[in-house]
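Student: I have a model open on my screen and would like to learn to read it. Could we go through it together, one question at a time?

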Amino acid sequence: MDTRKIVGLIACDPRGIIGNKGICPWSYPEELEHFRRTTFQRTMIMGRKTFESIPPATLKDRFNIVFSKKYKSPFWVSETVVFVSSLKDFLELTDIPDHKEMFLIGGAQIAGLFFSAGLVSEMLLTRIHKPYEGDTIFPLGLLEGWGETILKKEESFTIYHYTKPEKIYEN
Ligand SMILES: NC(=O)c1ccc[n+]([C@@H]2O[C@H](COP(=O)([O-])OP(=O)(O)OC[C@H]3O[C@@H](n4cnc5c(N)ncnc54)[C@H](OP(=O)(O)O)[C@@H]3O)[C@@H](O)[C@H]2O)c1
């Protein structure tokens, strides 16, 4: 794999809640439209639990890379769905479309994996204004020190663009 940009694309409540009992706790049509427009005909990276929570219509017209340790990787389910079992296998993946950006769409485990490895350089984060019950959290502290701009403000949510700061070396 070349060094394509990996952009996080996640929605969370004020505390960072992203999921509850395997599903997304909210449904805002305009937010879903933002997700669909952003990822249309692009590559999405996700964990197996997120893959299982997404309706097939949302996977369609996208290239899907799914993380799971259950299969010998790469495991091609179809021309547009491939399972990988480690970051190493992901980085060595070939035969993926030439998209300049890949969208890391969650969930929390896979976001943690990519952030820990320093592989995420930008993030499109939708902050849902209302708090929800949940059992899966995106740790908002991961974005501390990142550049922040507001892309869109709606009544129920605000979409932010975050950019990772350049490393500052002391001499
Ligand atoms: N609000 C949002 O924007 C948003 C976005 C995405 C998801 N969600 C929600 O988040 C929840 C799911 O998130 P989650 O954190 O529980 O799960 P997840 O990250 O979607 O998937 C976890 C799975 O990924 C695989 N995995 C984890 N680490 C791995 C590694 N190092 N190498 C290979 N595979 C690895 C494992 O699959 P195996 O068990 O198969 O080995 C693991 O069970 C759901 O409630 C979903 O609705 C919300």
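**Ligand, sheet and core**

Tutor: Happily: 27 residues surround the ligand, the closest being G19, G47, S68, G106 and G107; a residue counts as near when its C-beta atom, placed from the backbone, lies within 6 Å. This is a predicted model, in which local features need pLDDT of at least 70 and side-chain atom pairs count only at pLDDT 80 or more, while totals for chains, interfaces and linings use all residues. Residues are numbered from 1 along each chain as its sequence is written.

Student: How many residues of the shell around the ligand are charged?

Tutor: Asp, Glu, Lys and Arg count as charged; Ala, Val, Leu, Ile, Met, Phe, Trp, Tyr, Cys and Pro are nonpolar, and the others, Gly among them, polar. The shell has 11 nonpolar and 12 polar residues, and the charged ones number 4.

Student: Which strands stand at the edges of the sheet?

Tutor: Strands here are DSSP E runs of at least two residues and helices are H or I runs of at least four, numbered from the N terminus; two strands pair if DSSP finds at least two bridges between them. The 9 strands form an open sheet of mixed pairing, in the order β5-β6-β4-β3-β7-β1-β8-β11-β10. Each edge strand has a single partner, so one side of it is left without a neighbour in the sheet: these are β5 and β10.

Student: What is the bridge partner of F75 in β6?

Tutor: β5 (residues 75-78) pairs with β6 in the antiparallel sense over 3 bridges, and a hairpin of 2 residues joins β5 to β6. On β4 (residues 63-67), which pairs with β6 in the parallel sense over 4 bridges, V66 has F83 as its bridge partner. For F75, the bridge partner in β6 is F83.

Student: Which residue in β8 stands opposite C12?

Tutor: Look at β1 and β8 (residues 122-128), which pair in the parallel sense over 6 bridges. Opposite C12 stands R127.

Student: Which strand gives the most to the largest nonpolar core?

Tutor: Such a core joins buried Ala, Val, Leu, Ile, Met, Phe, Trp, Tyr and Cys residues through C-beta atoms within 7 Å, buried meaning that 20 or more other C-beta atoms lie within 10 Å of the residue's own. The largest has 33 residues, and I10, C12, I45, F103, L104 and I105 have the most contacts inside it. With 5 residues, the strand that gives the most is β1.

Terms used: A residue is buried if 20 or more other C-beta atoms lie within 10 Å of its own, exposed if 12 or fewer, and partly exposed in between; C-beta atoms are placed from the backbone.
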